[in-house]
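Please look through the structure shown below, and then read the report that follows it, which takes up one chain, then a contact between chains, and then a strand.

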Amino acid sequence: MISRRQFMHLSSRSAALWLTGCHKRAFNSSSAHVVIIGGGFGGATAAKMIKQLDSSIKVTLIEPKQHYITCPGSNWVLAGFKKIESLNVSYQQLLSRYDVGIIHQKVATINPEKHYVTLSDKQKIPYDRLIVSPGIDFRWELIEGHDNSTSHLIPHAWKAGIQTTLLKNQLQAMKNGGTVVICAPPNPFRCPPGPYERASMIAYYLKQHKPKSKIIILDAKSQFSKQQLFFKSWEKHYGFASNNSMIEWHSIPDNPIRKIDIKNRQLETDFGDIFKADVLNYIPTQKAANIAHTAGLCDESGWCPVNHQTSESTLHPDIHVIGDASIQNPIPKSAFAANAEAKVCAFAVVNLLNQFEAIEPLWVNTCYSLITQEQGISIAMVYKLNQQGKIIKVTGAGGVTPNIAEATLTIEANNAKRWLKTIVMDSFK
Amino acid sequence: MKKIFKKIIILFITTTAYTYSMADVSGKMVAYTCYSCHGEQLTNLKSTQPLSTISLRNTLLAFKYDAKSASMMNRIAKGFTDNELMAVATYITGSH
């Protein structure tokens, strides 16, 4: 049965057809070209899935990096039981199995009116529909004394790769008895449980190698994802809330960090409080990646508003935005969510190009976090679209790990490791 | 008379709104969300043993109504209507 939303959608298209007398894009899908910017979980999944749904559509993925390094699993590198190289993912299978064209270049500009993308070498790539999945960038203007040019000294490690290795090396060079300060960013940001899994993984490393050390989390928020599960697990493994706690959590939403003294690895807050670190992991406030801003795809929030049924930008027609850069509340910004959003987007793009009926979308998200190498926790949710076009959590679904019994947390940790393999396979292979 | 018409119109609007409450999602759309975690498993299943639609549906319903427990699937299965679980079981066993 056709829903009211589908009817509205179709009827607005039919009305446009009737008014113009002919269809603006009256081609069949076999002549259509979909260009995708960004080869992360969102972009790769969209590329693969469009080819799976309709192999006659030409798909081109534009991504400057020769291979991808997954953010999921990158905190495990800090703990010492995962090698950074094991997070490398090749784009070769998208090409060989699904015939996705891959261009390893940076996009310089997008021309939404004329429907083309200009690459850094000035080459123009025309598109019928564009999918933008560029991830995040940082709002350096909110902090004094630190920006991208000093991020090799104060690593954010919020994009996996060299940054992860820099942070790991600093932890290894730190003395026993040192202080690690993690600055957790305000909402919204990539991977809501990430800073706290990171604290767990650093604590796991320090407990074995530098047990006199401490981790201080300075949080721009008053609460965070899976908070009670993290607190209980930290109590069990890292003495949390005792006099000898390895992890301290300080919530400072009204007293944000304003200044960083790089040389002394020292932070200053709005009220003038000073925190000194031996290893400083400042995770900056975030926004959609710069290309989304220069293309005019962002609103005043710094993120990209979209129609949730199609992921099409509400600011530029024929451009879809998915993944961390897009506004998909209440779905969090995660690899799993980017994969789910890419699937909804792929269905929508294929249906629009073929002039098929729109389908009812659905999203699932799961975020696993490890507490130790063998213990893990999770949060999950299923999302649907309501009649007002808003994404809502399905009542009664989802939630966190049902109990904190050791056996349960062992299963969760095993699932977390298995999940990383399956999501990579589903997105890239 | 006008009042009666008004009532009928209000009734029509409210029942229409009710009829259009969240539609079921297709088996195909649901199946693609399964593949995020179970892609390989479902592909292997096809080559090793045939999977019956009814047994898959029953397993999913058992997760939904807590007759079977797992660390994750109970939380996920509760996000779907019984019809959607039947549809996804049909799609997966038919296409794999």
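## Chain B, the contact and a strand

In this predicted model, buried residues make up 27% of the 96 residues in chain B. Chain B has 5 helices and 0 strands, and from the N terminus on its elements follow the order α-α-α-α-α. When the contacts in chain B with a separation of 6 or more are considered, 70% of them are accounted for by residues 24 or more positions apart.

Turning to the contact between the chains, 34 residues of chain A and 20 residues of chain B take part in it. On the side of chain A that touches chain B, at least two residues are supplied by each of the elements α9 (335–354), β22 (363–370), β23 (376–385) and α10 (406–428) of chain A. The largest share of this side, 9 residues, comes from α10(A). The table sorts the side of chain A that touches chain B by residue class.

| Class, side of chain A that touches chain B | Number |
|---|---|
| nonpolar | 15 residues |
| polar | 13 residues |
| charged | 6 residues |

Elsewhere in chain A, strand β17 (residues 279–282) is covered on both faces, for A:Val279 and A:Asn281 on one side are buried, and A:Leu280 and A:Tyr282 on the other are buried too. In a regular strand the side chains alternate between the two faces of the sheet. Strand β11 (residues 179–184) of chain A runs parallel to β17(A), and 4 bridges join these two strands. Within this pairing, A:Val180 has A:Val279 of β17(A) as its bridge partner, and A:Val279 is one of the buried residues named above.

Notes: Residues are numbered from 1 along each chain as its sequence is written. Chains are lettered from A and ligands numbered from 1 in the order in which they are written. This is a predicted model: local features need pLDDT of at least 70, side-chain atom pairs count only at pLDDT 80 or more; totals for chains, interfaces and linings use all residues. Two residues are in contact if their C-beta atoms, placed from the backbone, lie within 7 Å. Ala, Val, Leu, Ile, Met, Phe, Trp, Tyr, Cys and Pro count as nonpolar, Asp, Glu, Lys and Arg as charged, and the others, Gly among them, as polar. A residue is buried if 20 or more other C-beta atoms lie within 10 Å of its own, exposed if 12 or fewer, and partly exposed in between; C-beta atoms are placed from the backbone. Two strands pair if DSSP finds at least two bridges between them.
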